[in-house]
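Student: Before we look at the model, could you take me through the reasoning behind some of the labels used for it?
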Amino acid sequence: MLFRSDAAFRRVTDITVPFLRENNVNGLVLDLDNTLTTHDNPKPADGVLDWIRTMKENSIKLMIVSNNHPPRVRPFADMLGLDFVSEGRKPLTKGFREACARMSLPKREVAAVGDQIFTDVLGANIFGIKMLYVSPIQHETTKFFKVKRFLERPFIPKKFY
């Protein structure tokens, strides 16, 4: 199903190297807002820097793919020492395709990580990579996001690692 995740976690920092190894994942396509930090926040969420260091130490390739514009994504990615694709057009496949190519990994070894059903989950499924859903760090307050989150409810995973 297009709106189904392969696995779900409360936070990105709950994704472990053993889990990735068991699932033959060698690269992660990371969403930015509400996955690595809250919206418009220039600092990563608690534990994210240590988690990224652990992933890198274990040769897990990481790349941010965001629908945001470069002025939002570039400083954040630079701070984390990660490559990125901005204006990724999720749920279209442009960002996912570019990330796999730049990580030099086949789709079967890549998983997307994100908090939105209609961009991250749908995009990963259309592109044909594994999808690791994470709960949003903080719920947005704009009317657009309130409606979007309401519509996502039926597709939110019930089981979390």
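Tutor: This is a predicted model, and a good place to begin is the largest nonpolar core, which has 29 residues, among which Leu28, Ile64 and Leu132 touch the most other members. Two or more residues of this core come from each of strands E1, E2, E3, E5 and E6 and from each of helices H1, H2 and H3. A second, separate core has 20 residues, including Met63, Val85, Ala99 and Ala124.

Student: Which residues does Leu132 touch, leaving out those up to four places away in sequence?

Tutor: With those set aside, Leu132 touches Ala7, Phe9, Ile15, Phe19, Leu20, Leu28, Ala111, Ala112, Val113 and Gly114.

Student: Why is Glu152 called buried?

Tutor: Buried means under 20% relative accessible area, and Glu152 has 0% relative accessibility, so it counts as buried. Glu152 is found in helix H6, which covers residues 143-152, and beyond its neighbours within four places in sequence it is in contact with Asp115, Gln116, Ile117 and Phe118.

Student: What makes the pair Glu152 and Arg149 a polar contact?

Tutor: The limit for such a pair of N or O atoms is 3.5 Å, and the side chains of Glu152 and Arg149 are joined at 3.0 Å, a polar contact.

Student: Is Val147 buried, partly exposed or exposed, and how do you know?

Tutor: Val147, which also lies in helix H6, has 45% relative accessibility, and because partly exposed covers the range between 20% and 50%, Val147 counts as partly exposed. Together with Phe150 and Leu151, Val147 makes a nonpolar surface patch of about 300 Å².

Methods:
Residues are numbered from 1 along each chain as its sequence is written. This is a predicted model: local features need pLDDT of at least 70, side-chain atom pairs count only at pLDDT 80 or more; totals for chains, interfaces and linings use all residues. Side-chain values use heavy atoms; hydrogens and water are left out. Helices (H or I, at least four residues) and strands (E, at least two) are DSSP runs, numbered from the N terminus. Buried means under 20% relative accessible area, exposed over 50%, partly exposed in between (1.4 Å probe, protein chains only). A polar contact is a pair of N or O atoms within 3.5 Å; within protein, one must be able to donate a hydrogen and the other to accept it, and residues adjacent in sequence count only if both atoms are side-chain atoms. Contact means heavy atoms within 4.5 Å. Patches are made of residues with over 30% relative accessible area and no salt bridge: like charges are joined within 9 Å, nonpolar side chains (Val, Leu, Ile, Met, Phe, Trp, Tyr) within 5 Å. Accessible areas come from the Shrake-Rupley method with a 1.4 Å probe; for residues, only the protein chains shown count as cover. A salt bridge is a side-chain nitrogen of Lys or Arg within 4 Å of a carboxyl oxygen of Asp or Glu. A nonpolar core is a set of buried Ala, Val, Leu, Ile, Met, Phe, Trp, Tyr and Cys residues joined through side-chain atoms within 4.5 Å.
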